[in-house]
Structure formats: structure tokens, C-alpha cells
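Visitor: I would like to know how the labels on a model like this are earned. Could you walk me through them?

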Amino acid sequence: MPIARRLLLAVALLSFAALAATAQQKLDSLADQELPSLVALYKKLHAAPELSHFEKETAAVIARELRAAGFAVTENVGKYDDPAHTSYGIVGVLRNGDGPVVLIRTDLDGLPVEEKTGLPYVSKVRTKNPQGLDVGVMHACGHDVHMASFVGAARLLAQLKSQWRGTVVMVGQPAEEGVTGAKAMLADNLYTRFPKPNYAIALHDSTDLPAGAIGYASGFVLSSATSMDITVRGIGGHGSRPEAGKDPIVLASQIVLALQTIVSREISPFDPAVVTVGSFHGGTRHNIIPDEARLQLTIRAYKEEVRRKILASIERISMQTARAAGIPEHLLPTVTVTPVYAPATYNDPALTARLVPVWKRALGDALVVEASPVMGAEDFGRFGLENREIPVMMFWLGGADPVKLRAARASGQPLPSLHSALWAPVPEPTLRSGVIATTAAALALLVKP
Ligand SMILES: [Zn+2]
Ligand SMILES: [Zn+2]
């Protein structure tokens with residue numbers, strides 16, 4: 001290459017690097033400017049959590065924030081299968097010329113957990129749960145972290161309009177914990193009433209990463225989760241006369257043990273799956289053989305065909321074990337699958353490969369780490385539609401106190417997990433990284449095609 005052209009190329013590369021450095025500085029300084037008010041917003045949301053299906057005030061706060069940032073906001077987006085529930089879903093749209101559509105999602109709901117962190121901004125909220133019991137309410141899954149990062153990203157994207165082209169669709173999703181919210185929003189024609197995204201991204205806080213770190217994985221990252229109920233029926237009678245009845249407690253116990261052979265004997269060891277019986281209830285006292293015993297199960301799997309195979313095996317084992325015990329046909333177990341389930345979350349490998357270097361540039365290599373997939377579940381994957389039509393990516397945002405995390409790793413005593421009454425993410429570094437990672441990802445995707 002002639003020397004003059006080489007020089008020109010060097011100058012071009014340098015000015016590109018200088019431009020990128022200026023853009024990064026701008027992003028950092030805007031994030032730092034917004035941080036105090038985002039921490040305040042986080043603490044306010046933390047102190048006022050609402051249960052799934054009841055996120056009315058939370059949604060109003062987020063809608064106000066999006067409007068203040070310049071987004072066109074629509075409230076009450078979503079139609080639940082159960083018409084008794086109102087949806088508090090929010091959609092905020094910001095158009096900025098021709099270009100890709102990027103969906104950014106936060107969830108809004110808290111959990112029926114009585115907070116025990118003792119923080120100055122501890123939640124003291126109590127309410128009646130759907131069964132009418134008095135419960136404490138807490139953002140024990142960190143959806144308040146998600147909301148504050150989401151609002152921060154919305155503000156920054158509005159201020160950085162000169163750096164991107166396309167449309168940003170901010171989605172505040174209700175009822176993540178019951179995994180009914182994403183389905184409800186899509187059922188309310190989310191993708192025809194509002195721009196259909198080319199990409200969808202979301203973050204989830206993590207108790208296993210230090211505050212401010214980002215964790216990523218490609219491919220399957222979260223499993224599907226399906227709930228199932230089995231009612232095992234028998235013929236009750238006196239505890240001293242087993243021969244006169246059919247004992248549903250013994251039969252249900254046999255079923256629980258037989259279910260353990262599904263993952264170990266019927267599913268390939270290369271296909272992760274879990275069958276957990278989380279609840280087993282039957283009987284009223286020592287000397288009565290009851291008429292029935294009830295089981296509640298959760299089923300986890302990555303592949304849809306594995307999920308279906310497990311459901312079929314559970315039904316087969318329940319029925320045939322009952323027949324082997326001599327239960328008459330009209331008293332065979334009833335096996336019910338809860339219709340709404342969370343599909344597995346599959347991080348699009350190309351999208352993941354595109355975003356990881358973006359985060360490394362924005363936050364530094366040390367803060368961006370590869371994470372392991374988990375068998376926990378989320379309904380965010382639904383925004384990718386059937387057959388992974390829209391590439392989605394969910395990443396982890398570390399929230400743990402680094403000193404406590406190091407001590408926990410050294411001692412082998414784990415820190416409080418998500419959904420724990422003691423989960424207390426460290427707000428400032430966590431939110432700063434949440435805002436920067438979300439904004440940088442959106443900026444990287446919102447380029448003219
Ligand atoms: Zn949760
Ligand atoms: Zn969650």
C-alpha cells in the first residue's frame with residue numbers, strides 16, 4: 001500500500017476510535033448524571049411493591065417516567081385469559097427515522113414475601129393475596145432493579161437521539177412471576193398496535209454476580225416451566241383395615257418415586273430436565289385412610305419436545321401405577337397441566353455475539369463474564385414468538401455485594417437467592433451498569449440497515 005494511503009487509513013482509524021471514545025464518554029457522563037435520581041426511583045419502587053396482576057401504581061410511575069422522557073405511552077396493554085384481571089402493561093414508543101425496531105422489556109411485579117433486609121427503604125407493604133391471606137410484599141426478584149435500569153435507558157436513548165436511527169419500544173410487562181404477563185400483552189396485539197421489533201432485549205438481576213457485572217450466555221439460558229396437578233384417588237377407610245380400601249397415600253408415594261425415572265431413564269443426558277414434586281397433601285389424621293392425595297409438580301426443560309415427552313410420561317406413569325395398585329377405572333388419577341407456562345428462553349447466538357463486545361467496550365472486559373444457563377424460568381422468551389422468529393437476548397445484571405460474594409464463595413455458604421426475603425442488591429453500581437448495558441446494546445442495534 002502506498003505510504004499516503006496508509007497514512008490516510010491510519011488517520012481514519014484514529015478518528016473512528018476518537019469518535020467511539022467520545023460517544024462512550026457521553027454515555028458514561030449521561031448515566032452518571034441520571035444515577036442519583038434513578039437510585040431514588042429504585043428505592044421508591046422498592047418500598048412500594050405490588051403483586052402480579054395488581055401493578056396499578058407501579059405501572060403509573062413507569063408510564064409517567066416514559067412520558068417525561070419523550071415517549072408516546074399507552075397504558076393497560078394486555079388481555080389475560082382470566083377476564084377478572086386487568087392488565088397494567090405499558091408500551092412506550094420513541095420513533096427516530098428509518099431503521100430497526102428494538103424492544104426493551106422490564107417486568108413490574110413483586111412477590112408475596114415479607115422483607116427481612118432491614119434496609120432504610122425496606123418494603124412494609126402488606127396485602128391480601130388472591131386466597132385472601134394477609135401477606136407481606138417485596139421486590140424479592142429485583143424487578144425494581146429492572147425498572148430503574150429501564151427508565152435510565154429510556155432517558156439516555158431520548159437524549160442520544162443523534163446517535164441512532166429507528167424505533168425504540170419500551171415494554172413494561174406485568175405478572176412475570178405468574179408467567180401470564182407476556183402472553184397477555186401479545187394477545188392484546190402488541191405487535192400490530194405497536195411496531196414489531198427486529199430484536200428484543202431484557203436484563204435480570206443476579207445474586208451470583210458482583211454488583212455492576214454483566215453475565216451472558218448464548219443459546220438456551222432459562223428453561224421452560226410447566227405446572228401440573230395430580231389428584232390420586234383411592235378408597236378411604238379405617239387406618240386399621242387397609243384391606244378394606246385403596247390407600248392413596250401409598251399409591252401417591254409410589255407415583256412420586258416412579259416419576260424420578262423419567263429424567264434418569266427416558267430423557268437423554270444431553271437434554272437438561274427437572275421433575276420436582278413440590279407439594280404432597282393428603283389425609284386429616286393418624287388413623288384414617290383418606291380418599292385422595294394431591295401432588296403439585298414443576299417440570300423444567302429446554303427443548304419443547306422434551307417438555308412434551310415429560311408431560312406424557314407423567315400422565316402414563318400416574319395412570320399405570322394406579323392400575324397396578326388395583327384402582328378401578330373410574331377412580332384413576334386426574335392429571336391437569338396448567339395451561340399457561342413459560343417457554344424456554346433462547347438467546348439468539350448471533351445477537352449475543354454482537355452484544356458481548358459492545359458491553360466489553362462500554363463497561364470494560366472485567367465486568368462482562370460468561371454465565372451458565374439455569375433451569376429457572378421467565379416469560380420474556382415469548383416476545384421472540386414461535387420458532388424464534390424474533391431474536392431475543394436476556395442478560396444477567398450482578399447485584400451482590402462483592403465483599404459478601406467473595407466470603408460466600410470462600411466459605412461455600414451461598415448468599416440469599418432471588419425470591420429470598422434477604423435479597424438486597426447494591427443499588428448504585430448495579431443500576432449504573434444496568435443503564436449503560438441496556439443503552440449501549442440498543443445503540444449498537446439501532447443503526448441504519
Ligand atoms: Zn422471580
Ligand atoms: Zn424475575
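**Labels and the values behind them**

Guide: We can start in the loop between strand E17 (368–370) and strand E18 (392–400), which holds asparagine 387. Keep in mind that this is a predicted model.

Visitor: Why is asparagine 387 called exposed?

Guide: Its relative accessibility is 78%. Exposed means over 50%, so asparagine 387 counts as exposed.

Visitor: What is the phi of asparagine 387?

Guide: Phi is positive, about 55°, although asparagine 387 is not a glycine. Alanine 175 is another non-glycine residue with a positive phi, near 45°. Alanine 175 sits in the loop between E6 and helix H4 (181–187).

Visitor: Why does alanine 175 count as buried?

Guide: Its relative accessibility is 0%. Buried means under 20%, so alanine 175 is buried.

Visitor: And what makes arginine 165 partly exposed?

Guide: Its relative accessible area is 33%. Partly exposed lies between the 20% and 50% cut-offs, so the label fits arginine 165. Arginine 165 belongs to the loop between H3 and strand E6 (166–173). In space, arginine 165 and glycine 97 are 5.6 Å apart, C-alpha to C-alpha. In sequence, they are 68 residues apart.

Visitor: Which atoms coordinate the zinc ion (ligand 1)?

Guide: The donors are Cys141 (SG), Glu177 (OE), Glu177 (OE) and His419 (NE2). They lie at 2.1 to 2.7 Å. Donors must lie within 2.8 Å of the metal, so these atoms qualify. Along the chain, the donor residues follow the spacing C-x35-E-x241-H.

Visitor: Why is the site of the zinc ion (ligand 1) called irregular?

Guide: The angles among its four donor atoms run from 52 to 150°. A tetrahedral site needs all angles between 85 and 135 degrees, so this site fails that test. Square planar needs opposite donors over 155 degrees apart, so that label fails too. Irregular is the label that remains.

Visitor: Which residue bridges the two zinc ions?

Guide: Cysteine 141 does, and the zinc ion (ligand 1) and the zinc ion (ligand 2) lie 3.2 Å apart. Cysteine 141 is in the loop between strand E5 (134–136) and helix H3 (143–159), and histidine 419 is in the loop between helix H9 (402–411) and helix H10 (427–445), so this pair ties together parts 278 residues apart in sequence.

Visitor: How do you know whether cysteine 141 and histidine 419 are buried or partly exposed?

Guide: Cysteine 141 has 6% relative accessibility, under the 20% limit, so cysteine 141 is buried. Histidine 419 has a relative accessible area of 38%, between 20% and 50%, so histidine 419 is partly exposed.

Visitor: Which protein donors serve the zinc ion (ligand 2)?

Guide: They are Cys141 (SG), His143 (NE2) and His204 (NE2), at 2.1 to 2.4 Å. The pair of cysteine 141, in the loop between E5 and H3, and histidine 204, in strand E7 (residues 199–210), links distant parts of the chain, 63 residues apart. Both cysteine 141 and histidine 204 are buried. The donor spacing here is C-x1-H-x60-H.

Visitor: Now the helices. Why is helix H2 (residues 56–68) called roughly parallel to H3?

Guide: They pack at an angle of about 15°, with axes 10 Å apart. Angles under 35 degrees count as roughly parallel, so H2 and H3 earn that label. Their crossing is right-handed.

Visitor: What makes the span of helix H8 (residues 349–363) close to the expected one?

Guide: H8 has 15 residues and reaches 21 Å from its first C-alpha to its last. The expected value, at 1.5 Å a residue, is 21 Å. Its buried residues include Leu351, Trp359 and Leu363. Glycine 364 follows H8, with a positive phi near 95°.

Visitor: Why is H10 called largely enclosed by the rest of the structure?

Guide: Of its 19 residues, 15 are buried, so H10 is largely enclosed. H10 reaches 27 Å, close to the 27 Å expected.

Visitor: And how much of the whole chain is buried?

Guide: Of 449 residues, 50% count as buried. The chain has ten helices and 18 strands. Its C-alpha trace spans about 100 × 55 × 50 Å along the principal axes.

Definitions and conventions. Residues numbered from 1 in each chain as written. Chains lettered and ligands numbered in written order. Predicted model: local features only at pLDDT ≥ 70, side-chain atom pairs only at ≥ 80, totals over all residues. Heavy atoms only, no water. Tetrahedral: all angles 85-135°; square planar, octahedral: opposite > 155°, others 65-115°. Helix = DSSP H or I, 4+ residues; strand = E, 2+ residues; numbered from the N terminus. Buried < 20%, exposed > 50% of the residue type's maximum accessible area, 1.4 Å probe, protein only. Expected span 1.5 Å × (residues − 1). Axes fitted to C-alpha atoms, helices over the stretch in contact; angles between N-to-C directions. Parallel < 35°, antiparallel > 145°, perpendicular 65-115°, else oblique. Left-handed = near helix turned anticlockwise from the far one by under 90°.
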